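Me: Please take a close look at a single part of this model and describe what surrounds it. State the cut-offs as you go.

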Amino acid sequence: MTSKLHVGRGAFACSVLALGFSQSAWAADNADSGFDDGNTITVTATRAPVEVEDAPATVTVIDQEQIADELATDVRDIVRFEPGVTVRRAPARFGATLGTTGRAGNEDFNIRGIGGNRVLIQVDGIRSPQGFSFGAQEVGRGNATDVGLIKSVEILRGPASALYGSDGLSGAVSFITSDPVDFISNGKSLGGFARAQYSSADQEFAETVALAGQAGNLSAMVAYSRRDFEELDNKGTIDSADSTRTTPNPQDGESNAILGKLVWDNGSHKVRLTGEYLEREIFSDILSGRGPVFLFGPAPSWIVDGLTAEDETKRVRASLDYTYDAGPDGTGIIEYAHLAAYWQDGQDRQFAFEERSPTSATPRPDRERLNTFDNEIFGAVGDFRSTFNTGSIKHTLTFGGDISKTRQEGLRDGTEPPFGEVFPTRAFPVTDFTLGGVFIGNAIEFGGGTFTLYPALRYDFYDLDATNDPLLPNFVPSGQNGSKLSPKLGAVVKLGDVRLFGNYARGFRAPTPTQVNNFFENLAFGYTSAPNPDLKPETSASFEAGIRYATDDIKLSLTAFHADYDDFISQEQVSGSFRPGDPAVFQFVNLDSVRVKGVEAKARYQAESGFRARIAIAFADGTVKSPTRGNQSLSTVDPINAILGVGYRDPTGAFGGELIVSYNARKEANETIGVCNAACFRPQESAIIDATAFVRITDSLKLRAGLFNITNKKYALWSNVRGLEATSTITDAFTQPGRNASISISASF
């Protein structure tokens with residue numbers, strides 16, 4: 001750990017030195033604060049530009065200025081002040097062959113209580129590879145994007161399938177990266193920026209540098225982001241090397257992200273070639289995994305003398321796209337067109353080494369585990385837009401489609417497999433997974449824009465083509481295909497400064513290869529995992545209605561929603577009693593239904609003097625109807641959370657700051673029934689105080705700082721402890737960092 005820490009500090013020092021040669025500030029630092037959504041444009045909501053306050057759905061746009069001002073270092077930080085949206089991150093306490101707790105790091109986005117692969121994540125319109133969980137392997141998607149290279153993030157709440165297809169069951173998160181022109185001032189031919197940041201929560205040193213140039217119609221850029229970090233701090237106090245440990249297990253991590261673009265732009269026509277590479281490596285010393293292991297009887301079966309792990313995530317993307325934009329003066333039938341083709345490769349490798357010693361005459365040799373999950377994707381996307389009038393009615397028609405083919409595979413390998421198992425093997429056969437669809441939508445404006453109707457319809461199809469895998473010689477895989485229509489209807493009424501909006505949307509998610517053909521057998525220990533070729537796609541129906549009020553100074557919104565999810569896919573024990581003659585059979589099945597309802601409210605005030613305030617609150621309640629367990633609460637729904645922020649930003653942009661209080665309620669006991677074997681650990685309610693500030697030292701240099709959890713409170717979040725027993729003696733291991741600070745300095749030329 002020490003050597004990497006020195007490297008991180010050296011890189012940080014070099015970045016600060018580089019800033020000394022910079023002369024002006026990056027586009028983000030010259031922009032207005034991302035604090036206010038007013039007049040912010042979103043494309044994710046309708047696939048056509050529309051102001052956030054006029055959108056027929058709830059969408060949040062977080063720009064690079066807000067990301068920088070809040071000193072976010074990862075996707076979890078991006079949404080920490082966004083009630084109703086969370087990213088789960090449990091501490092690293094996994095075993096070589098057993099638990100997966102914390103193995104995924106930042107797992108996935110959870111929107112209104114529904115997360116995982118049910119939330120569409122895309123970068124520049126290209127969907128990110130799916131997540132995966134099996135046995136000791138846990139692959140999340142929250143680490144596959146470096147926030148240092150992000151221009152903005154759009155978060156759409158509610159089903160997005162009518163416009164984006166499968167995986168948009170409960171919402172969509174769209175990351176947009178910068179183009180060369182974002183770094184080059186008008187009339188200039190060269191530009192760029194550099195930023196260095198430090199966070200004490202995990203001893204992270206981060207450096208980001210970008211360089212862009214333009215000559216005539218050609219422009220190019222390259223951006224690089226480097227991060228060196230350690231384990232995330234907590235409020236644990238037991239520092240032992242055994243299962244009672246509550247302080248963090250030591251970790252050493254690093255990531256490298258590169259973004260390159262070459263653009264030809266003559267005004268209405270643009271061709272762009274993009275390359276993206278991200279690699280993240282983490283070494284973990286799982287001290288909490290040391291000690292005796294009890295399998296049978298009161299005596300230990302062996303002693304774990306050491307448990308270490310090396311996890312690596314890679315994502316590589318190459319894309320070529322063409323955009324035609326005629327602008328407001330265009331006279332053709334098609335005023336906007338976008339065509340893209342891409343290749344993307346996502347690889348996840350998780351390795352663990354366990355040193356063991358025997359407690360009897362039976363040898364207990366050391367063992368290794370290697371689990372991989374790979375997604376190689378080829379795809380194409382096309383969307384078009386046309387504006388025309390029929391009498392006094394204005395139409396903005398959007399239509400297009402996309403298709404992708406994924407080769408998805410995973411490997412389970414190692415030494416000393418459990419009794420009854422053979423390595424190498426797989427949890428599912430190598431599968432070619434095709435997703436595709438076409439959509440059409442319209443924005444129909446009546447009464448000079450007073451009333452706008454947003455109908456949309458998408459037809460999706462999918463095909464699972466599993467191979468006869470030689471690593472699964474006793475398993476005959478099943479193929480599956482299907483299709484689905486997903487309609488959506490939204491409406492917005494403009495009454496001066498008031499907006500009334502509502503929408504009905506259907507969602508759709510195709511079963512994954514890992515769910516249809518999941519296969520595992522260990523009859524000697526009395527359990528097996530069976531495939532389900534009859535697994536149905538998940539669907540959702542969501543109603544949302546709300547009111548917004550917007551002036552130059554005040555923004556208010558109140559939204560109520562109700563979503564029904566049918567054929568919800570869950571892995572359940574369908575038979576058996578864990579005996580060799582009657583093994584327990586686990587299978588992915590369709591539950592009867594899942595229902596989520598809730599309310600969200602936001603208010604923002606921004607005075608000309610620079611004073612500003614914001615408040616937001618989110619409440620949701622979920623119910624699962626299962627054929628085997630009856631009605632139960634949906635454990636993935638977070639308890640009430642809210643934020644209150646008060647700040648000041650000098651009108652000239654010279655300095656500013658904000659004090660933010662984040663409140664998290666305690667999960668109700670009746671909402672955790674069935675989640676744990678007995679009663680669940682439910683963290684106490686908490687109110688955390690954070691403060692951020694910035695000062696523009698010169699026109700070219702900006703300093704930011706933040707102090708988080710100012711009162712040094714010990715607290716935990718339900719999203720991270722879900723499933724932890726109330727009788728657990730290690731609850732402190734799941735607490736959040738105590739008082740911590742972050743600082744960054746940025747500049748550009």
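Reply: A residue counts as buried under 20% relative accessible area, as exposed over 50%, and as partly exposed in between, with a 1.4 Å probe and protein chains only. Valine 85 is buried on that scale, because its relative accessible area is 2%. The residue sits in strand S4 (residues 85-87); strands are DSSP runs (E) of at least two residues, numbered from the N terminus. Its C-alpha atom and that of serine 199 are 23 Å apart, with the two positions 114 residues apart along the chain.

The model is predicted, so local features need pLDDT of at least 70 and side-chain atom pairs count only at pLDDT 80 or more, while totals for chains, interfaces and linings use all residues. Residues are numbered from 1 along each chain as its sequence is written, and side-chain values use heavy atoms, with hydrogens and water left out.

The part to look at is the second largest cavity. A cavity is a set of points, on a 1 Å grid over the protein atoms alone, where a 1.4 Å probe fits but cannot get out. The structure has 16 cavities of 30 Å³ or more, and the second largest has a volume of about 480 Å³ (the space filled by probe spheres set on the points, which are joined across faces, edges and corners). Its lining (residues with an atom within 4 Å of a point) holds 38 residues, of which Arg89, Ala90, Gly102, Gly105 and Gln251 are the closest to the centre. By class, the lining divides into 12 nonpolar, 14 polar and 12 charged residues. Here Ala, Val, Leu, Ile, Met, Phe, Trp, Tyr, Cys and Pro are nonpolar, Asp, Glu, Lys and Arg are charged, and the others, Gly among them, are polar.

Several strands supply at least two lining residues each: S10 (137-139), S15 (218-230), S17 (269-285), S19 (302-325) and S20 (336-358). Strand S15 can be followed further through its partners; two strands pair if DSSP finds at least two bridges between them. Strand S14 (residues 204-215) runs antiparallel to S15, and 11 bridges join them. Within that pair, glutamine 214 stands opposite serine 219. The S14-S15 hairpin has 2 residues between the strands, and glycine 216 there takes a positive phi near 65 degrees.

S15 also pairs with strand S16 (residues 251-265), in the antiparallel sense and over 13 bridges. In this pairing phenylalanine 229 of S15 faces glycine 253 of S16. Gln251, one of the lining residues closest to the cavity centre, falls at the start of the S16 range, 251-265.

Two further strand residues can be set beside this. Glutamine 197 belongs to strand S13 (residues 190-199) and counts as buried, because its relative accessibility is 9%. Its side chain makes a polar contact with the side chain of serine 742 at 3.4 Å; such a contact is a pair of N or O atoms within 3.5 Å, one able to donate a hydrogen and the other to accept it, and residues adjacent in sequence count only if both atoms are side-chain atoms. Alanine 380, in strand S21 (residues 367-390), is partly exposed, at 32% relative accessibility. The C-alpha atoms of alanine 380 and alanine 733 are separated by 45 Å, the two being 353 residues apart along the chain.

Conventions: 1 Å grid on protein atoms, 1.4 Å probe; cavity = no way out; pocket = protein on both sides within 12 Å on 5 of 7 lines; lining within 4 Å. Helix = DSSP H or I, 4+ residues; strand = E, 2+ residues; numbered from the N terminus.
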